[in-house]
Amino acid sequence: MLFPTSLVGSYRQPGWLIDHDKLGGQYPPRTRARELWRIPEPLLSQAQDDATRLAILDQELAGLDIITDGEIRRESYSNRFATALDGLDLDNYGTILTRSGKPVPVPRITGPIRRARPVEVDDLRFLRAHTDRTIKITLPGPFTMSQQALNEHYGTAEEAAMDYARAVREEMADLFAAGADVVQLDEPWMQAKPELAEQYGLAALNAALEGAAGTTAVHICFGYAAMTKQRPEGYSFLPQLADCLCDQVSIETAQSNLDTSVLETIRGKTVILGVIDLSDMQVESAETVAHRIRRALPHVDADKIVVAPDCGMKYLPRDIAFGKMQAMAQGAAIVRAELA
C-alpha cells in the first residue's frame with residue numbers, strides 16, 4: 001500500500017497517568033523522573049498497560065497503518081532504555097547543556113556501558129498482543145545516548161558511543177525476535193552536533209544497526225515543538241545518512257516548511273515523512289496533509305514514503321493529537337487515490 005501512516009513514536013499520555021505540568025516544566029528527563037507519575041508504584045505497571053491499550057486503540061480508530069505503543073511507559077523517549085544499562089551512576093548525577101543551552105541533570109558514566117537484560121521486549125510483546133497491524137518500537141540511538149550522559153570512564157566519547165551501540169544492537173536483536181516489524185533509533189543529537197556525528201556518530205549508529213534482522217529506521221529532528229519554537233532552514237546532518245545502514249529515515253518537513261529537494265540526497269531510503277506541524281494547535285485539513293505529501297513526491301519514490309507527524313505527539317493535548325492522526329490518514333488516502 002502506498003503512503004502507510006504511523007506515529008514517529010510517542011503519543012499523549014493520559015493526565016490521570018502522568019503529571020503534564022511537571023513534565024512540561026522540565027526538559028525531557030535524561031535521568032529517572034518517577035515523580036512525574038500520578039499512580040502509586042504498586043499500581044503503576046497496570047495503569048501503564050491500560051493507557052497503552054488506549055494509545056493503540058486511538059491509533060487504530062484514527063486509521064493508522066503502523067502502530068506503536070505510544071511510548072506510554074516512558075518519562076522521555078530515551079531515559080527508559082538509557083538508564084537501564086550498567087555502567088551508570090543514577091544516584092549522583094552530572095550536568096550537561098541541552099541542545100538549547102539549558103543545564104540538565106544526566107547520568108554519570110562510571111564504568112563500562114553494558115546491557116544486562118532486555119529492556120523493552122515486554123513492551124513490544126504487549127504491543128504485538130493488542131494489534132494485528134504492523135508494529136514499530138523505538139529506541140534511543142547510541143550517539144544521542146552518549147551525548148546525554150557525563151563521561152567519567154572512557155578515554156573518548158567515541159568509545160562510549162561504541163559501547164552504547166553494542167547495547168542497542170543486542171536490544172534490537174531481541175525486539176525483532178519478539179515480533180517487531182520495525183525498530184526505530186532516535187538520533188536527534190546528530191542534527192544538534194553534526195561535527196561529532198560526522199566524526200564518530202554515524203559509525204556508532206551503523207555499529208548498532210549492523211546485522212539487524214528486520215526493518216530499521218532512524219529519526220532525526222529539530223527538537224520537540226513544545227520546547228524548540230524556531231526551526232533552521234534545513235538539516236545540518238541528513239545527506240550523511242545515505243551511508244547509514246538503516247532502511248528508513250524519519251524527518252520533519254511541516255513546521256520548518258523544509259525544502260524537500262534535500263531528500264534527493266538520501267534517495268533509495270524509505271522516508272518517514274513528517275507532515276504534521278506539532279507547534280500548531282489547529283488540526284490540519286486532509287488537503288493540507290495531502291499537499292505536504294505531494295511536495296516530497298518529486299524527490300522520493302511514492303512507494304518509499306511513510307506518512308507521519310514531524311516528531312513525537314507526547315506534548316500535544318490528546319484531542320488535538322487524535323485529530324491530527326485522523327487528518328494524516330485522510331490526507332494519505334487522498335494522494336493514494338490520485339496515484340491509483
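A residue counts as buried when its relative accessible area is under 20%. In this predicted model, K324 has a relative accessible area of 0%, so it is buried. This lysine is found in helix α10. Leaving aside residues up to four places away in sequence, K324 touches I276, D277, D280, Q282, V283, E284, M313 and L316.

Helix α10, which covers residues 318-339, also turns up in the surroundings of another helix, α2: the buried residues of α2 pack against α10, along with β1 (66-67) and α4 (121-129). The α2 residues that are buried are L44, A47, Q48, A51, T52, A55, I56, D58, Q59 and A62.

How far apart are the end C-alpha atoms of α2? The helix takes in 22 residues, 41-62, and at 1.5 Å a residue it should span 32 Å. The end C-alpha atoms are indeed 32 Å apart, so the expected span and the model agree. Right after α2 comes G63, and its phi is positive, near 100°.

Strand β1, one of the elements packed against by α2, belongs to an open sheet of seven strands. Going across the sheet, the order is β1-β4-β6-β7-β8-β9-β10, and the pairing is parallel. Because β1 and β10 (305-308) each have a single partner strand, they stand at the edges, and one side of each is left without a neighbour in the sheet. In general, strands of a sheet pair through backbone hydrogen bonds, either parallel or antiparallel. For β1, the partner is β4 (residues 134-140): two bridges join these strands, which run parallel. Within this pair, I66 stands opposite T134 of β4.

Then there is the largest pocket, with a volume of about 300 Å³. Its lining is made up of 16 residues, and those nearest the centre are E41, L44, S45, Q48 and R80. Two elements, α2 and α4, give two or more residues to this lining. Which of the elements provides the largest share? That is α2, with five residues. Two of the residues nearest the pocket centre, L44 and Q48, are also among the buried residues of α2.

What is the lining like by class? Nine of the lining residues are charged, five are nonpolar and two are polar. Helix α2 thus comes up in several places here: its buried residues pack against β1, α4 and α10, and the helix gives five residues to the lining of the largest pocket.

Methods:
Residues numbered from 1 in each chain as written. Predicted model: local features only at pLDDT ≥ 70, side-chain atom pairs only at ≥ 80, totals over all residues. Heavy atoms only, no water. Helix = DSSP H or I, 4+ residues; strand = E, 2+ residues; numbered from the N terminus. Expected span 1.5 Å × (residues − 1). Buried < 20%, exposed > 50% of the residue type's maximum accessible area, 1.4 Å probe, protein only. Contact = heavy atoms within 4.5 Å. Pairing = 2+ DSSP bridges. 1 Å grid on protein atoms, 1.4 Å probe; cavity = no way out; pocket = protein on both sides within 12 Å on 5 of 7 lines; lining within 4 Å. Points joined across faces, edges and corners; volume = space filled by probe spheres on them. Nonpolar A, V, L, I, M, F, W, Y, C, P; charged D, E, K, R; others polar.
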